[in-house]
Amino acid sequence: MTNGREQILGSIRKSLKRGPVTEARASELRAKLEAHRRNVIPQRAAGLDPAAQVELFIRMAEGVQASVARVKSAAEVPGAVADYLAEKNLPSKLVMTPDPRLDGMPWADRPLLEIRRGRAEDGDLTGITACGAGVAETGTLVLTSGPESPTRNNFLPDHHLVVMRRDQVVASYEDAFDRLRARSKETSGEWIPPRTVNFITGPSRTADIEQKIELGAHGPRRLHIILIDEA
Amino acid sequence: MRATSHAFKANAHEALVDATLQRALGVMKSGFQVRRAEAIAKLPEFEALREAGKAIKNHTLENLDFYLEAFEAKVAARGGQVHWCRTPAEARDKVLGICQRLGARTVTKGKSMIAEEIALNDFLEANQIVPVETDLGEYIIQLRHEPPSHIIAPAVHLVKEQVADTFRASHKQLDPARPLADARTLCDEARGVLRQKFLRADVGITGANFLIAETGSSVIVTNEGNGDLTQTLTKAHIVLASLEKVVPTLEDAATILRLLARSATGQEFSTYTTVSTGPRRPEDTDGPGEYHVVLLDNGRSAMLGTEFQDMLRCIRCAACLNHCPVYAAVGGHAYGWVYPGPMGSVLTPTLIGIEEAGHLPNASTFCGRCESVCPMKIPLPKMMRHWREREFEQKLSPAPYRAGLSLWAFLARRPALYHALTGIATRVLGAVGRRRGRFRTLPLASGWTNVRDMPAPEGRSFQSLWAERQRGAQR
C-alpha cells in the first residue's frame, strides 16, 4: 500500500507542478493547523449577550421540533422527567448514561421512576443523557462519547431526554470546539477529540419519500431538552 | 454499475414520457428550491461564507499532499489506519479484506457516493457479504435494484405507491394485508426492519463529508441517524472518502457546514453532524473496535492543475441538480451513471471518459443557475464548455454537427460575409413565411421542427435594427 500512497502523492505533486512542500512551507501550514483560526462567524448568535443566546438556543431548537422544558435548579430535573413521561403517556422507565452530572440529581424524590444506569439497548423506549454544550446559532446539542456517555444512548431510544445547564449554551460551533479543546488539554495535556462528537439538531428525520418530512427515521422520534436555569 | 451515459438521448426520451416519474419530479422541484431560498434569506453572512468556503477548498487543493499526510499521521496517532487507493478495484479489495479478516457476514452502510462510484455492493455480494443500505432512500432503491437518481435524495424518482409495492414484495415476513398508504407508515416499517439489521451487522461503512487534517477525524452529515448507528454498533467503522474531502481544521469544516445543509435541503443545520476520531477508546463501552479510512483517488489527483480543478471543491450538496431545468425534466437516471445533473456532467467524463459520457456536458441549456446556486462557486457551465471543446478536438461529436460548426466558424470569422448571408437568409425566410408566420418544416432543421414550429423572421436582422437605432440615437 506504501506504493499506492507514494503514487497518489506523486500524482498530486506532478499535477501541481512542484515537489513535496518545502520545510519552510510545511511549518507555515503546521502553524495554521495549530492556530485553527476562525472564518466568518454569523452574528445571529455571536452578537448577543448570554441571556439572549439562551433564548435563541431555545427558539432554534423548538424550530427543528425539539421540545424544551426550563427548570430552576438541578433538583427539579427528576420532576421534569416525570412530567414528560406522564404527558407522553410513557412507562416510568428509562435508561440513564452512567454520568456523574446526572448522578448528582435527586432521583430518589421520584421513587416511581425506574432507572437503569448504563448502555442503551434495543427496546429502551426512553433514555436520558447529559450534554457537553448547546449551540445557540442553530439550537444544536453537542454530545461527546466516553465511558460515562456511550454514543448509542443518543440514538437507540425513541425518546431522547437531554439535561443541560444554561452556562453550557455557546454562540457557535467554534465556541463548542474550543470548549472541547480546553477540556482535552486539561485532562491529557494535548488535543485529542473524544471518539465521537455528535452535533444533534432536533429529532431524527427523513424526507426520502416524496419530500415529505417525517420525524423518527432511525434515531429518536422525540428530542426533549431539560434546561437548568441556575448557572 | 454499467454506465448508460452514451444513451442519454434515449434515456431522456423515455423519462419525458414516464408519467409516474414526471409526477415525482414535480414534487421535487417545488420543495428543494423554496426551502433553500428561505434558509439563505435568514443568514445575512451566506455570501461571505461562500467566499470563505471557496478559499478554504482552494487553499487545501493547492497543498493537498501536505494535508493528506497530516490527516494520515493523526489517524495513525489515534489508532486508525488510512488506506491509499488509486483505483476503484483497489478500494473494493481493501474493504473486502477488512470484512473478511473480521469474519463479517453483514455490513451496514450509511449513504456514500464513493461506494456507488466503486460499485461496492455488487462486489461484496459476489464475495458472500451482505451489504445493507440504511439511509431510507438508499434502502428503497437497493430493494428495487436501482441506482440512485439524486446525490442526496436517492429515491426522489419514486412515488409512495411504488415504495409500498417494493416493501410488500421485500418484507415477506410481515402481514401482506397491512396498510401502507402514507409516508409515515412506510418510514416506521423501514425503521423496524433496519433496526434489527443495525444490531446484527459486523462492519459499518459510511462516507465522509469532511476529513479533518488537524485531528485525523472524519465527519458525516445525516438527518436519519442511520450513519451513526452504522458506525457505533459494529466491530469496525470503514470510512470511504475521496482525496478532496480533506480540510485543514474543524473551523474550516464548520464554515462549509453552514453552507451545506442550507444549499442541500434548506435546513439551517442537518440533524446529525458527527465527528469521529479513531476506534473506541479502551475505557469506552461502545463504538467500533477498528477505524479505517479508505482514501480513493480514481483520477482526482490528475484533475489538479487542469481546467477541472475547481470541480474538486464540490461538497455534493445537490443544489445544482435541484435548480437544473434539464435534471427537473428527465430526472437522474437518464444521465446513466452515479453523478447526475450539472455536477455529474462535469465529473462523470473525468471518471468514465468523455467517449462514454460525451452527451452529458451537452445536456445543458447553459442557463447558469447551477453556478449561481453553487455554494462553492464552481463555474459548472464553463467546465461543461471545456468538455465540449475536448469532445470536438477529439472528433467525438457527429460529422454533420462538426461540419456545421466549422461552416459557422468560417462565417463568424468574416463579419461582412456573415452579415450579408444572414441578411439574405432573414429576408428570404421572412418573405416565404410571412403568410403563416412560422414554419412546420425546414430543410436541415428537422431536429428543431419535429417537436416545435420555427417562427418566421420579421424580415430584418437584429444587427441591422441595432445599427439603425444606434444611428438614430446619435442624431
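A polar contact, as I use the term here, is a pair of N or O atoms within 3.5 Å; within protein, one must be able to donate a hydrogen and the other to accept it, and residues adjacent in sequence count only if both atoms are side-chain atoms. Please keep in mind that this is a predicted model.

With that term in place, I'll start at the interface. Between chain B and chain A, the rule finds 56 residue pairs in polar contact, with both residues at pLDDT 80 or more. On the chain B side, helix 10, residues 183-200, gives the most to the surface that touches chain A, namely 12 residues. Sorted by class, that side of chain B has 48 nonpolar, 27 polar and 32 charged residues.

In overall terms, 107 residues of chain B are in contact with 84 residues of chain A. The two chains bury about 7,700 Å² between them, and 55% of that is on carbon and sulfur atoms. The interface also holds 16 salt bridges by the rule. One pair to look at is B:Arg195 with A:Asp122, whose side chains meet in a salt bridge at 3.7 Å, N to O.

Next, the sheet. Which strands of the two chains are joined by five bridges? They are strand 9 of chain A, residues 196-200, and strand 9 of chain B, residues 272-276, and they run antiparallel. To get your bearings on screen, find A:Thr196, whose bridge partner in strand 9 of chain B is B:Ser276. A:Asn198 is likewise partnered with B:Thr274. The whole sheet is open and has eight strands, in the order 8(A)-5(A)-6(A)-9(A)-9(B)-6(B)-5(B)-8(B), with mixed pairing. Its edge strands are strand 8 of chain A, 169-170, and strand 8 of chain B, 246-247, each pairing on one side only.

Now salt bridges in general. Over all chains, the structure holds 54 of them. How do the partners sit with respect to solvent? B:Arg262 and B:Glu268 meet at 2.9 Å, N to O, and both residues are buried. A:Lys88 and A:Glu87 form another, with the closest N and O atoms 3.6 Å apart. Here A:Lys88 is partly exposed at 33% relative accessible area, while A:Glu87 counts as exposed because its 61% is over the 50% cut-off.

A third pair is A:Glu6 and A:Arg5, with side chains meeting at 2.9 Å, N to O. A:Arg5 has a relative accessible area of 17%, which is under 20%, so A:Arg5 is buried. A:Glu6, at 39%, counts as partly exposed. This pair belongs to a network in which salt bridges with shared partners join A:Arg5, A:Glu6, A:Arg13, A:Arg18, B:Asp65, B:Glu69 and B:Glu72.

Two single residues to finish. B:His150 lies in the loop between helix 8 (136-143) and helix 9 (160-170) of chain B. Is B:His150 buried or exposed? It is buried, with a relative accessible area of 1%. Its side chain reaches the backbone nitrogen of B:Ile152 at 3.1 Å, and a polar contact of 2.7 Å joins it to the side chain of B:Asn322. Beyond four places in sequence, B:His150 has contacts that include B:Met28, B:Phe32, B:Leu321 and B:Tyr327.

B:Ile352 is in helix 16 of chain B, residues 341-352, and is partly exposed at 26% relative accessibility. Leaving aside neighbours within four places in sequence, B:Ile352 is in contact with B:Ala3, B:Ser5, B:Trp337 and B:Ala357. B:Cys374 is 22 residues away along the chain, and the two C-alpha atoms are separated by 24 Å.

Note on methods: Residues numbered from 1 in each chain as written. Chains lettered and ligands numbered in written order. Predicted model: local features only at pLDDT ≥ 70, side-chain atom pairs only at ≥ 80, totals over all residues. Heavy atoms only, no water. Contact = heavy atoms within 4.5 Å. Buried area = accessible area lost by both parts, 1.4 Å probe. Salt bridge = Lys/Arg side-chain N within 4 Å of Asp/Glu carboxyl O. Helix = DSSP H or I, 4+ residues; strand = E, 2+ residues; numbered from the N terminus. Nonpolar A, V, L, I, M, F, W, Y, C, P; charged D, E, K, R; others polar. Pairing = 2+ DSSP bridges. Buried < 20%, exposed > 50% of the residue type's maximum accessible area, 1.4 Å probe, protein only.
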